[in-house]
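Biologist: Before we open this model together, could you show me how to read it one feature at a time, beginning with the way a protein touches DNA?

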Amino acid sequence: MEKNKKKSDFLHIGNKLLKWYDKNARDLPFRNTKDPYKIWICEIVFQQTRIAQGLNHYNNFIKRFPDVQTLASAEEDEVLLYWKGLGYYSRAINIHKASQQIINDYNGIFPSEYEEILKLKGVGKYTAAAVSSICFNGKMPAVDGNFYRVLSRIFADDFDVSNSRAFNYFSQLAHLIMPENVGDFNQAMMDLGSEICKPRNPLCGECPLNIDCLAFSLNKISEFPVKTKKVKATDLELKYYFVHRNGEFLIRQRKDDFIWKKLFEFPLEISDELIPFIKSVKNVHHKLTHKNLSIEIFNVEVYSEEAWKAFIDENDYIITNVENSHEKSFPKPLENYIQKYDVSYKFL
DNA sequence: AATCCGGGGGC
DNA sequence: GCCCCAGGATT
């Protein structure tokens, strides 16, 4: 960025954006509150997640955990259950830990200073800026993917957004156009980025900033933002054993060091004694952003009480059934499998 | 500074 | 198929 850029030359862009936002703000459930708890939850839910995708999760989460005290006193497994299907499950684990931080370190009162909000588990510079600006009149730009896209286009700036310095770089650009009302400014940038200045096929004709947008005037919108590093998916093969008897089946909880942190899953192996009880195999292919999953699910219907109990005793598995399984958070492919596989029906 | 972590939707 | 999304933690 040229160091001769002066705020006085660009501030009108931010003010224009605020005017647009006054009339065009999206009507979202977290827009009519300044409760830092709700804003915080919404910021975590919508990290790397589209509004349409996470809206039900957000509403259900707030309904069950309406305040920080309720969340802090809940079991971690139930928090994970409300995160089921959202992905990035460390968010759920961290959100729960952070709620207890607020109880223990801040006397149950949500911290109002940016530096304090930043200390909460799972809260980074973006989220701290968003919460402090929306709820406490903080003055930090909430630089996210929308900021990268909108600012790189306005300034026709080819700074690589996959560069680890992009956050600081675009924060400086943001300061050039940022007006006094930072809370509304941050939300306006999100709405503009989502509704107008979209990644593909942006609606430049309707954009309140098109006159000020250098990329638009150069007819080079599609060249911004610049992103060099692409994420490529790696293959992952899993074998699960759906071990069941009399309508019950076996599960266990995953660790927190890989995908599907602390979610529940079927056994990954069985003892030799259970091999004769394998009835069928189902192949599941599941695409994630970072993984190409191919899963074999072995349907193991155990008739022997002895073999069943011996296997459980050896491995410390949890016994559940189709109805109770709804109380546990499963990875999406296993969730789908359980819903299709009506154990209770098969054993009537 | 680089890598990892989900799932869904647009095109 | 490829890309992106109200990012953050870990190494």
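Modeller: A polar contact is a pair of N or O atoms within 3.5 Å, and within protein one atom must be able to donate a hydrogen and the other to accept it, with sequence neighbours counted only through two side-chain atoms. This is a predicted model, in which local features need pLDDT of at least 70 and side-chain atom pairs count only at pLDDT 80 or more, while totals for chains, interfaces and linings use all residues. Side-chain values use heavy atoms, without hydrogens or water, residues are numbered from 1 along each chain, and chains are lettered from A and ligands numbered from 1 in the order written.

Biologist: Which phosphate oxygen contact does the backbone of Trp 260 make?

Modeller: A backbone N or O atom of Trp 260 lies 2.4 Å from a phosphate oxygen of DNA strand B. The side chain of Tyr 89 also takes part, with a polar atom 2.9 Å from a phosphate oxygen of DNA strand B, whereas Tyr 88 places a polar side-chain atom 2.9 Å from a base oxygen of that strand.

Biologist: How many residues surround DNA strand B?

Modeller: If we call a residue near when one of its heavy atoms lies within 4 Å, then 24 residues surround DNA strand B, and the closest are Ile 259, Trp 260, Thr 289, His 290 and Lys 291. Of the atoms of DNA strand B that come within 4 Å of the protein, sugar and phosphate account for 54%. The surface near this strand has 7 nonpolar, 10 polar and 7 charged residues, where Ala, Val, Leu, Ile, Met, Phe, Trp, Tyr, Cys and Pro count as nonpolar, Asp, Glu, Lys and Arg as charged, and the others, including Gly, as polar.

Biologist: What surrounds DNA strand C?

Modeller: There we find 29 residues, the closest being Phe 30, Phe 46, Arg 50, Thr 127 and Arg 149. Sugar and phosphate make up 62% of the atoms of DNA strand C that come within 4 Å of the protein. By class, the surface near DNA strand C holds 9 nonpolar, 9 polar and 11 charged residues.

Biologist: Which residue brings a side-chain N or O atom to 2.5 Å from a phosphate oxygen of DNA strand C?

Modeller: That residue is Thr 127. Polar backbone atoms reach phosphate oxygens of DNA strand C as well, at 3.3 Å for Tyr 126 and at 3.4 Å for Gly 145. The elements that give two or more residues to this surface are helix H2 (36-45), helix H8 (125-136) and helix H9 (145-154); such names come from DSSP runs numbered from the N terminus, with at least four residues for a helix (H or I) and at least two for a strand (E).

Biologist: At what angle do H2 and H8 pack?

Modeller: They pack at about 150°, with their axes 10 Å apart; axes are lines fitted to C-alpha atoms over the stretch in contact, and angles between N-to-C directions run from 0 to 180 degrees. Taking contact as heavy atoms within 4.5 Å, Ile 39 and Trp 40 are among the residues of H2 that meet H8, whose side includes Tyr 126, Thr 127 and Ala 130. This contact has 10 nonpolar, 1 polar and 1 charged residues. In the loop between H2 and helix H3 (51-64), Gln 48 has a positive phi of about 55° although it is not a glycine.

Biologist: How many bridges join strand E4 to strand E5?

Modeller: Two strands pair if DSSP finds at least two bridges between them, and here 9 bridges join E4 (residues 278-287) to E5 (residues 291-301), which run antiparallel. His 285 has Ser 294 in E5 as its bridge partner, and the two strands form a hairpin with 3 residues between them. Strand E1 (residues 234-245) runs parallel to E5, joined by 11 bridges, with Tyr 240 partnered by Ile 297 in E5.

Biologist: Where is Pro 225?

Modeller: Pro 225 is in the loop between helix H12 (214-217) and E1, and a cis peptide bond, with omega about 0°, joins Phe 224 to Pro 225.
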